[in-house]
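Reader: Hey, got a minute to go through the side-chain contacts in this one with me? I'd like to sort out charges and cysteines before I set anything up.

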Amino acid sequence: MCAKTLLELPEKIEQYRPLIEETMQPVVLVDTEISTTTLFQSKFAGDPYFPLSMEYPKNINGQPLKLLAQINFAEVPNHLPNFPEEGILQFYIDGYDDVLGMDFDNGQHQEGFRVIFHETITYDESQLVQDFSFVNIEDEEMYFPVEREMALSFVKGLEPLSIDDFRSNDKYGSILTSIEEDEMLEDAFYDALTGDGHKIGGYPFFTQEDPRAYGDYTDSTILLLQVDSVGDDILWGDCGVGNFFITEEELKNKDFSKVLYNWDCH
């Protein structure tokens, strides 16, 4: 199944369509459904696929991290360059921490979060952890953006460079200059290129600023996963968004040890 790929633009900026469309990249949009899942399914929250032979990820205090998202690439359309075609990729964050495991000084420091890739899957459930009661804690103690377990489905599409991406100032500079005196047109332009929603690949959305605009993260150009605040069951702080980024070379090598984790809110 393919998402709608015709880019809708405000009439007054149709003249810039060629410039905007040349930034188009493949994206896999993520849909959610509140549902119980198997250990192997793609999901937000819920219980992860986790072999008994592995050490479960913990924070610096020895407390277990909680599964934010699990992507089984066998369920994902083969649409994104350099992404795995099989295997299970997992994103864990610290529910005991009020900043959800993010390190403001080093967004690649996997202490309060962890990204784990299971390249080979065993379907013998006797070899897997099945009781995750040790992760669950009292609601009033838990900081966590996803309130309920959700099964995921995927739709492939194309999207242009988002206005929040750190590269947009250079790419869209001439457009922004030409419309800066027209507030309504500027708002329409921003709305057309917001980049929000759940997705793998494509371009990111931020409520604040792109952390890759400074520091050592400018090579982390691939959006590995974005989990947005949607509906009543996913909320990052005050209606924010969470993103994970990786370099092209690291993705090709299936090296998820230096993934950049960021979340922000209004």
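**Salt bridges and cysteines**

Author: Sure. Let's start with lysine 252: its relative accessibility is 44%, so it counts as partly exposed. Keep in mind that this is a predicted model.

Reader: Which residue does lysine 252 meet in a salt bridge?

Author: Glutamate 248, with an N to O distance of 3.6 Å. Both sit in helix α5 (residues 248-252), four residues apart, which means about one helical turn separates them. Glutamate 248 is partly exposed too, at 38%.

Reader: And how many salt bridges are there in the whole structure?

Author: Nine. Another one joins glutamate 21 and arginine 17 at 2.7 Å, N to O. Those two are four residues apart in helix α1 (residues 17-21). Arginine 17 is buried at 17%, whereas glutamate 21 is partly exposed at 33%.

Reader: What about glutamate 159 and lysine 199, how far apart in the chain are they?

Author: They're 40 residues apart, with glutamate 159 in strand β6 (residues 150-159) and lysine 199 in strand β7 (residues 199-201). Their side chains meet at 3.0 Å, N to O.

Reader: Is lysine 199 buried or exposed?

Author: Buried, at 0% relative accessibility. Glutamate 159 is buried as well, at 12%.

Reader: Which residues form a network of salt bridges?

Author: Asp165, Arg167, Asp210 and Arg212 are linked that way.

Reader: Switching topic: how many disulfides?

Author: Zero. For cysteine 239, the nearest cysteine sulfur belongs to cysteine 265 and is 9.2 Å away. A disulfide needs the sulfurs within 2.5 Å, so a 9.2 Å separation doesn't qualify.

Notes: Residues are numbered from 1 along each chain as its sequence is written. This is a predicted model: local features need pLDDT of at least 70, side-chain atom pairs count only at pLDDT 80 or more; totals for chains, interfaces and linings use all residues. Side-chain values use heavy atoms; hydrogens and water are left out. A salt bridge is a side-chain nitrogen of Lys or Arg within 4 Å of a carboxyl oxygen of Asp or Glu. Buried means under 20% relative accessible area, exposed over 50%, partly exposed in between (1.4 Å probe, protein chains only).
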